[in-house]
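Me: I should like to discuss how certain terms are applied to the structure below. Please set each value against its definition.

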Amino acid sequence: IGQPFLQYVVARPLYSEDAFADEHEKIHRHHKTLRLTKNGVCVNCSCDLKRAKNAALSLLPFIGWMRIYQLKEWLLSDIVSGVSTGLVAVLQGLAYSLLASLPPWYGLFTAFFPVIIYFFLGTSRHISVGAFPVLSLMVGAVVTRLVPDEGPPINITGFEGLTSDEQRVMVAASVTFLMGIMQLAMGLLQVGFIVMYLSDTLVSGFTTAAAIHILVSQLKFVLGLVVPGLSGPLSIIYTLEKIFVQIEKTNVCDLVTSILIMVVVFIVKEINDRYKAKLPVPIPIEVIMTVIACGVSYAFNFRVIYKVDVVGRIPVGYESPMAPNMQIFGETAVEAFPMAIVGFAVAFSVAKVYSVKHDYIIDGNQELIAFGASNIVGAAFKSFAASTALSRSAVQESTGGKTQIAGLLSALIVMVVTLAIGFLLEPLPKSVLGAVVIVNLKGMLMQIREVPYLWRRDRPDCVVWVVTCLASILLGLDLGLAVGLGIELLTVVFRAQFPRCSVLANITGTDIYKDRKDYMSPMCNSYSHFHVCNCQLGFNLTLICFQVGFNPLRVLRKRNKALRTIRKLLKKGELQMTSKGLLLTSSGPIEESEDESNMEELDQPSDFKDLPVQVNWNSELPANIQVPRVDVHSLILDFSAVSFLDISALKGLKAALKELIRVEVEVYIVACDEYILEKLHSCKFFDDEVKSSMFFLTLHDAMLHILEKHPVNSEKTKVCEKV
């Protein structure tokens, strides 16, 4: 322990994969498959009490945490959290309904039905399910496209006899139902991993663009203007144009009220953030200001005297269920899929943060099932797309919420408002709701500060952020997300095509290989002249050709053409065998054979069987025949970073190996995964040229094997290694 350096010494045989397999017997494992018994019973689909119990716990996660619920320690915290979250959910439900271009009270439905379903099916104990501004805006874009503010709605069976608001509710509920079906299907198919393809950079750029869309959409409420809802590419530009054209018609009462609300809410939120460790619960400033604004509006009759647009009548109770419209499914399928992905990605990201903080596990596939079922049931009762909002979830967690009991209580608060006291919110100005929405955009808008950091640290990621944001702003959120995914995939291709390469050298007296630029010659022994290129992504023959300095197929063809010429000269008697080798006897100029027949033969291994001597291709050839020199005699492919090979990659790899072997370059593959080796054997990868003996356990095993065959003090040795 007191020594400055600890050392270990390992003495073992040099192992190729074949030698290791011969010495160590491998245990054969039977993989589970679906098979039938004589009675036609599927063995692996059998059910017993244990499997049924595990299935129930997986499908209904609330059973697991209810069994360990600590009533005395957790119940009071969940009650406080549920009441606080419920008040915020009421306000945000009303506000986000405006983003969805729906009457405000439908936001109360979204804050109730999905929460109930998620209580039973969700795996997160802390997120608050309900309206999410980005999803609400995406729903609003679909609603205004099918039922525009100006002009007739699209021709859809089922719209007959309905008011404009009822048509919009049908559209919102139907697209939400379709979104829920997609999420449920993805969950049942176990494709929760799809969220991995939405990087944090892409989501950041997308949500920033969504925040700008939300800001613009709320300006009409803040200014008290009548602006029709628009959707599609450049809709944000057209909306701003319509706002500025009638800017002189701004309702001063709405503007002053909104500014006052935003300033007060912003200041108090900053106080909550700064002193959150000292405050028992965050100050519910949005709720307080809403109550005050509602009272002032009622007392001074804002709606009549100042022509302020208010929430208006809120019906008491819930509406009867409604079946989705199948024709709307066909019209909105393109928009529903990105909504399903975005809703799940945001909710899963927030849930993951709290699961790490409070040390429990969430299941991505079960979350898809939970949100899918929540949206399906909610849509049946006329709610719109539900996910989670970071601000509302932060309230639920920071006020002491321990489980989804807090979410259930928040839904009860929403139910009380819907059934009993909703009429008290009727005088509330819509400008107040717009101001609350805008002030809650701070977190998403401030993500723009990531751009300078990304530019300094990772420029491809910066490009993804900027392009996703700009495309989402100008083309709309659905097309913008598609563009962002496309750019992200292009950056992956770009990184794969231009990997970082380095020349590795052996550290003296060890089996360690490092970049020779980082560790100069005093740290490296005589192996340091081995040429090693280390690329970090996949198999790339073009990169190998660049590093070794030759194209094996071109060299092979040149050699076979040279053999044709040599055979022709021998046949004519212009080339004779002497003690010094082949000697040219003709004094005239020798033309290289231009016979292009049988081009396939040029790609075959060089055949010396009818020649009196083996040709040394790196020596001077007779008749001034020119063939590219190949100074590399060995090539090592490091497969330690290769996780899989598909059929196309197998074919490409085999063709490349054959090309290298045919130009007398010995190829070795090291650190190959056991399952890839099994696949190579099952796919008949090996033959007379490509043999399993080329596989070695480690890079150092292969290097020692090469040094045994080609000592260092022989002609210059070059070895290339590729990951």
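Me: How do the residues of the lining of the largest cavity divide into nonpolar, polar and charged?

Reply: In this predicted model, local features need pLDDT of at least 70 and side-chain atom pairs pLDDT 80 or more, while totals for chains, interfaces and linings use all residues. Numbering runs from 1 along each chain as its sequence is written, and side-chain values use heavy atoms, without hydrogens and water. The lining has 8 nonpolar residues, 1 polar and no charged. Ala, Val, Leu, Ile, Met, Phe, Trp, Tyr, Cys and Pro count as nonpolar, Asp, Glu, Lys and Arg as charged, and the others, Gly among them, as polar. Leu198, Leu202, Val203, Phe206, Thr207, Val342, Ala345, Val346 and Leu481 form this lining.

Me: What makes a space a cavity?

Reply: On a 1 Å grid over the protein atoms alone, a 1.4 Å probe must fit at its points but be unable to get out; lining residues have an atom within 4 Å of a point. The search finds 1 cavity of 30 Å³ or more, and the largest holds about 60 Å³, a volume filled by probe spheres set on grid points joined across faces, edges and corners.

Me: Why is strand β7 called mostly covered?

Reply: Buried means under 20% relative accessible area (1.4 Å probe, protein chains only). Of the 5 residues in β7 (634–638), 5 are buried. Ser634, Ile636 and Asp638 point one way, Leu635 and Leu637 the other.

Me: How do you know that β7 pairs with β8?

Reply: Pairing requires at least two DSSP bridges; 5 bridges join β7 to β8 (residues 666–670), so the parallel strands pair.

How values were computed:
1 Å grid on protein atoms, 1.4 Å probe; cavity = no way out; pocket = protein on both sides within 12 Å on 5 of 7 lines; lining within 4 Å. Buried < 20%, exposed > 50% of the residue type's maximum accessible area, 1.4 Å probe, protein only. Helix = DSSP H or I, 4+ residues; strand = E, 2+ residues; numbered from the N terminus.
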